[in-house]
Amino acid sequence: VSDGVLHPPEDVNRLAWWKDSALPGTAGTTVITGHVNLRGTDGFAKQFIDLKPGTPIDVVTADGDVESYAVTEVSNYNKAAEFPLDKLNALSGPEVLALITCGGEFVGPPFGYEDNVIAWATPTD
């Protein structure tokens, strides 16, 4: 995310953890991303747009542990103007989960969609 580009997985049915973000269950921000849609197919991450504060989110780690979170807010950020890089790149401080997908109007290349939708969540344990 340091260069402002976060590439979701090619498969619209999958999510991906950004490898330079915090690990789930540790201090800092864990970033998970996925497509809202691709080539006419809705992506799994389309669900991020409709999340509401209080919605529970479980993240299953590679070793099978489950980290539990609750959504605190869902916000749109213009890709060209207001992307919250400092918060997304945090590797210390409070544990935060950021679920990112595209949103807003489709504007074509290079951004695709005008905005990113980020569902922010905090631990419930």
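# A guided tour from Thr-61 to the second largest pocket

Begin by selecting Thr-61, which is placed in the loop between E5 and E6. The structure on the screen is a predicted model. Thr-61 has a relative accessible area of 18%, and it therefore counts as buried, the limit being under 20%. Now display the surroundings of Thr-61: apart from neighbours within four places in sequence, the residues in contact with Thr-61 are Pro-24 and Glu-67.

**The hairpin of E5 and E6**

Next, select the two strands on either side of this loop. E5 and E6 form a hairpin, with 5 residues between them. In the turn, select Gly-64, whose phi is positive, at about 90°. The strands E5 and E6 are antiparallel, and 5 bridges pair them. E6 covers residues 66–78.

Two pairs of residues may be highlighted across this hairpin. Pro-56 stands opposite Ala-70 in E6. Ile-57 has Tyr-69 of E6 opposite it.

Which residues of E5 belong to its covered face, and which to its uncovered face? Colour Ile-57 and Val-59 for the covered face. Then choose another colour for Pro-56, Asp-58 and Val-60, which make up the uncovered face.

**The sheet as a whole**

Widen the view to the sheet. The sheet is open and has 6 strands, in the order E1-E2-E7-E8-E6-E5, with mixed pairing. Its edge strands are E1 and E5, each of which pairs on one side only.

Start from the edge strand E1 and move inward to E2. The strands E1 and E2 run antiparallel and are joined by 2 bridges. For one residue pair here, select Ala-16, whose bridge partner in E2 is Thr-33.

Continue from E2 to E7. These two strands pair in the parallel sense, over 6 bridges. Select Gly-28 to find Glu-95 of E7 opposite it. Why is E2, residues 28–33, described as largely enclosed by the rest of the structure? The reason is that 6 of the 6 residues of E2 are buried.

**Thr-33 in strand E2**

Stay in E2 and select Thr-33. Is Thr-33 buried or exposed? With a relative accessibility of 5%, Thr-33 counts as buried. Draw a distance from a polar atom of the Thr-33 side chain to the backbone oxygen of Ile-100: the value is 3.1 Å.

Then show the residues that touch Thr-33, leaving out those up to four places away in sequence. They are Leu-6, His-7, Pro-8, Pro-9, Arg-14, Leu-15, Ala-16 and Ile-100. Ala-16, in this list, is also the residue whose bridge partner is Thr-33.

**Two loop residues around helix H1**

Move to helix H1, residues 85–88. Select Glu-82, in the loop between E6 and H1. Glu-82 is partly exposed, because its relative accessible area is 45%. Beyond four places in sequence, Glu-82 touches Asn-76 and Tyr-77. Add Asp-115 to the selection: Glu-82 and Asp-115 are 33 residues apart in sequence, while their C-alpha atoms are 9.3 Å apart in space.

On the other side of H1, select Asn-89, which lies in the loop between H1 and strand E7, residues 95–108. Asn-89 has a relative accessibility of 28% and so counts as partly exposed. How many residues along the chain separate Asn-89 from Ser-21? They are 68 residues apart along the chain, and their C-alpha atoms are separated by 6.4 Å.

**The second largest pocket**

The final stop is the second largest pocket, with a volume of about 280 Å³. Its lining consists of 13 residues. Select Leu-15, Phe-44, Phe-48, Ile-57 and Asp-58, which lie nearest the centre of the pocket. Ile-57 and Asp-58 have already appeared on this tour: Ile-57 on the covered face of E5, and Asp-58 on the uncovered face.

Which strands each supply at least two residues of this lining? They are E1, residues 16–17, and E5, residues 56–60. E5 gives the most to the lining, with 4 residues. Finally, colour the lining by class: 11 residues are nonpolar, 1 is polar and 1 is charged.

Notes: Residues numbered from 1 in each chain as written. Predicted model: local features only at pLDDT ≥ 70, side-chain atom pairs only at ≥ 80, totals over all residues. Heavy atoms only, no water. 1 Å grid on protein atoms, 1.4 Å probe; cavity = no way out; pocket = protein on both sides within 12 Å on 5 of 7 lines; lining within 4 Å. Points joined across faces, edges and corners; volume = space filled by probe spheres on them. Nonpolar A, V, L, I, M, F, W, Y, C, P; charged D, E, K, R; others polar. Pairing = 2+ DSSP bridges. Buried < 20%, exposed > 50% of the residue type's maximum accessible area, 1.4 Å probe, protein only. Polar contact = N/O pair within 3.5 Å; in protein donor to acceptor, adjacent residues only side chain to side chain. Contact = heavy atoms within 4.5 Å.
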